[in-house]
Structure formats: C-alpha cells, structure tokens
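The following note sets out points for a colleague who is meeting this structure for the first time. Please read each point with the model in view.

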Amino acid sequence: MKRNEITERVAAMRQFMAERNLDAFIIPSTDAHLSEYPPQHWESRKWISGFTGSAGTAVVTKEKAGIWTDSRYFLQAAEELKETGFDLFKMGQPGCPDMTSWIMEQTGKGGRVGIDGLVYAASDAIALERRLEAKEIRLETSYDPFAVIREDRPVLPTNKVFTLPEEITGESVTDKIARINGKLKEVDADGILIVTLDAVAWTFNLRGNDVAYNPVAVAYAYISEKETVLFIDPEKLTDEITATYLEQGIRITDYNDIFGYVALLPEKSAICITGNKINYKLLQAIPPHCRIVDIPSPVDLMKSVKNETELKGFRNAMVKDGIALVKFHMWLEKALP
C-alpha cells in the first residue's frame, strides 16, 4: 500500500471530523459482532492506517494519529506504519501512554471524541464515556465515517450458508434453544440477545464463510420462550434451510431488522446480554422500560461443554492433524537433509 494513500485517508477523516466538530476519533479492530477477524466491510482500522495485524486500535486527532497494539505486532506495525503519520504505541512497554489518557490530553476540556457505536463493545464504550466525562469531554457514538470517506468500501458479505446435521453436532437446534430458555429462567431473564458470530453459529448449527478462515455467517439472534428470531440476509439461506428453520419455530427476518425489533421489546422484559459481547448501538436500542441482565453469556458457557459427538469429532480431527504433521516432517527431512 502506498504511504500517500494513508495520508489521503487520514486527511479525509480529519475533514469528516472537522465538519462534525470532533477532536478525536477512535477506530477499533472489531465489527458489529465484536469479532477479532471481521469481514472486509468492517476492516476500518486496517484501511485507515495500513496496519494489517488482527489486534490494535487507531486514534486520529486534529494533528496526530496513533496505533496501540501488543507485543505480537511490534515489528510488523513498525514496518507497516512507516511514513504514514501514525505513531506506534507499544502496549505493556515502559513509557507507553494509556490510550484514553492520551486522547484526553490531545482533546482537552470541552472536547468531543467520536466512535462508531456499532463496532464498539458496550462495556468499553461505557467505561470510556465515564472517563471522558470526568474531564468534561463528550463522547459521540453515532458516527460511521467510513460510510462517507471510504468510497470503495466492500459490501456486507452475501455468501450462502449451510447447516450441520445432528450426526455432526450431537444436538438439534430445537434442543439447544430449549436449553437456552432453561438457562434464562435460572437468571430471571425473559430473552437473550446473541451477537457474537460463533454463538449464533453454534446455536443454529449454522456455518458460513463470511470471514476468512472462520466458518461463520453475519447474523444476530434473539431467543425467548415466546419466539426465536434469526436476523440474517434471507438471500444467504437456501429454500431447504429456510423451510427447516420455520419447521423448528424459528422466525427469519432481515439482518438490519435487529434494531427495530429490539426497540419494540415488551415493557418490563428482562433481557440477557453480555456487556463486552454486545455493540453499544444495540445496547442503546434496548428500551429503558426493559431490565438488563448483564452476565457472562449462557450460550458461551453451554457451547464450551462438548457432548460425546463433538468430542469424537475433536479426536478424529486431531488424528488427521497428526497424520498431516508427520507427513510434513517426513517431507521436510527429505527436502533438507
């Protein structure tokens, strides 16, 4: 990537900020589902900075720009950020400033900091807002600058999905939903918002290829005793998958309908969420008349305990992996005597 391209992109970001009276903008590595590896549509930190590591946060202010990343990426980031105008901040190293403190220093009292609430973990956004408010700095969460400044932005993936049979998963979708509702009763919750793509994939025995090297599909879900809703682009489903889900009592609606649906949740509903696994925009969509139950995801805890079929699958995979590794070592010994 040419260095002047990064310079132009940062200039476009600063123009966007100036038009909205923002003093700084924070760009995380995540997507609307808080994924470590997002679809290309949400690879905004990579696009704005040129740094391609999977973990890191970019900040652009009126005069400076920086990337905060960990020791896995120090060498890579140093090389990729040369002559881009981005400073590298090595997290965990002596002298590395805390990102929020650095932002407050750059912004000053009465300033305004922007994030896209759609791609920011709710717990992180709330913590950030509290720290900024203590210095009389306002956090703006409704802006997506890349919808404006990134003209070649890839669209959301439209790849077809597939489902796994019970012979592979060891448990039907219907049984998983029943178990999830049982867990909700234990914590006095009426429904649960499932945001992370791996949790959606596990719950619905659903697989896709919307993210490189990750067998997931972009989707949300809501589960309660009254109904189960899968929010996904209907074009991604085959007629057979759609029919099977409908037979299982699963309602399918468009991916972007999640916000309107959540905004209309019944009064006094208790909604189960996990603060670091729901984006801030979706949390804000929950009506104030609902009670929020913020706990570690029951779905993640259930998913972590493997049934006998899954354990057998792991063992089979390890055998195949071991054979492949031995074959590679044999080849390497012959190739490099």
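1. Glu140 is buried, because its relative accessible area of 10% is under the 20% cut-off. The model is a predicted one, and the burial of Glu140 is a value computed from that model. Its side chain meets that of Arg138 in a salt bridge, with N and O 2.8 Å apart. Arg138, by contrast, counts as exposed at 53% relative accessibility. The bridge therefore joins a buried acid to an exposed base.

2. The pair does not stand alone. Arg112 joins Arg138 and Glu140 in a network of salt bridges. The structure holds 18 salt bridges, and two others are taken up in the next points.

3. Where do Lys236 and Asp210 lie along the chain? Their side chains meet in a salt bridge with an N to O distance of 2.7 Å. The pair links distant parts of the chain, 26 residues apart: Lys236 is in the loop between β11 (228-231) and α10 (239-247), while Asp210 is in the loop between β9 (206-207) and β10 (220-224). Lys236 counts as buried at 1% relative accessibility. Asp210 is buried too, with a relative accessible area of 8%.

4. Lys82 and Glu79 form another salt bridge, their closest N and O atoms being 3.2 Å apart. Is Lys82 buried, partly exposed or exposed? At 44% relative accessibility it counts as partly exposed, because this value falls between the cut-offs of 20% and 50%. Glu79 is likewise partly exposed, with a relative accessible area of 43%.

5. Helix α8 covers residues 173-186, which makes 14 residues. At 1.5 Å a residue the helix should span 20 Å, and its end C-alpha atoms are 20 Å apart, so the expected and computed values agree.

6. Which residues of α8 are buried? They are Val173, Lys176, Ile177, Ile180, Asn181 and Leu184. Seen down the axis of α8, these buried residues fall within an arc of 135 degrees, so they line one face of the helix. The general rule behind such a pattern is that an α-helix has 3.6 residues a turn, so residues three or four places apart point the same way. The face of α8 turned away from the buried side carries the exposed residues Lys185 and Glu186. After α8 comes Asp188, which has a positive phi, near 55 degrees.

7. Gln106 lies in helix α4 (residues 99-107). At 27% relative accessibility, Gln106 counts as partly exposed. Leaving aside neighbours within four places in sequence, Gln106 is in contact with Thr61 and Lys64. The C-alpha atoms of Gln106 and Ala24 are separated by 8.1 Å, although the two residues are 82 residues apart along the chain.

8. The surface also has a nonpolar patch. Leu325, Phe328, Trp331, Leu332 and Leu336 form this patch, with about 530 Å² of accessible area together. One of its members, Leu336, is placed in the segment after α14 (308-335). Leu336 is exposed, because its relative accessible area of 65% is over the 50% cut-off.

Methods: Residues are numbered from 1 along each chain as its sequence is written. This is a predicted model: local features need pLDDT of at least 70, side-chain atom pairs count only at pLDDT 80 or more; totals for chains, interfaces and linings use all residues. Side-chain values use heavy atoms; hydrogens and water are left out. Patches are made of residues with over 30% relative accessible area and no salt bridge: like charges are joined within 9 Å, nonpolar side chains (Val, Leu, Ile, Met, Phe, Trp, Tyr) within 5 Å. Accessible areas come from the Shrake-Rupley method with a 1.4 Å probe; for residues, only the protein chains shown count as cover. A salt bridge is a side-chain nitrogen of Lys or Arg within 4 Å of a carboxyl oxygen of Asp or Glu. Helices (H or I, at least four residues) and strands (E, at least two) are DSSP runs, numbered from the N terminus. Buried means under 20% relative accessible area, exposed over 50%, partly exposed in between (1.4 Å probe, protein chains only). The expected span of a helix is 1.5 Å times one less than its number of residues. The arc is that of the directions from the helix axis to the C-beta atoms. Contact means heavy atoms within 4.5 Å.
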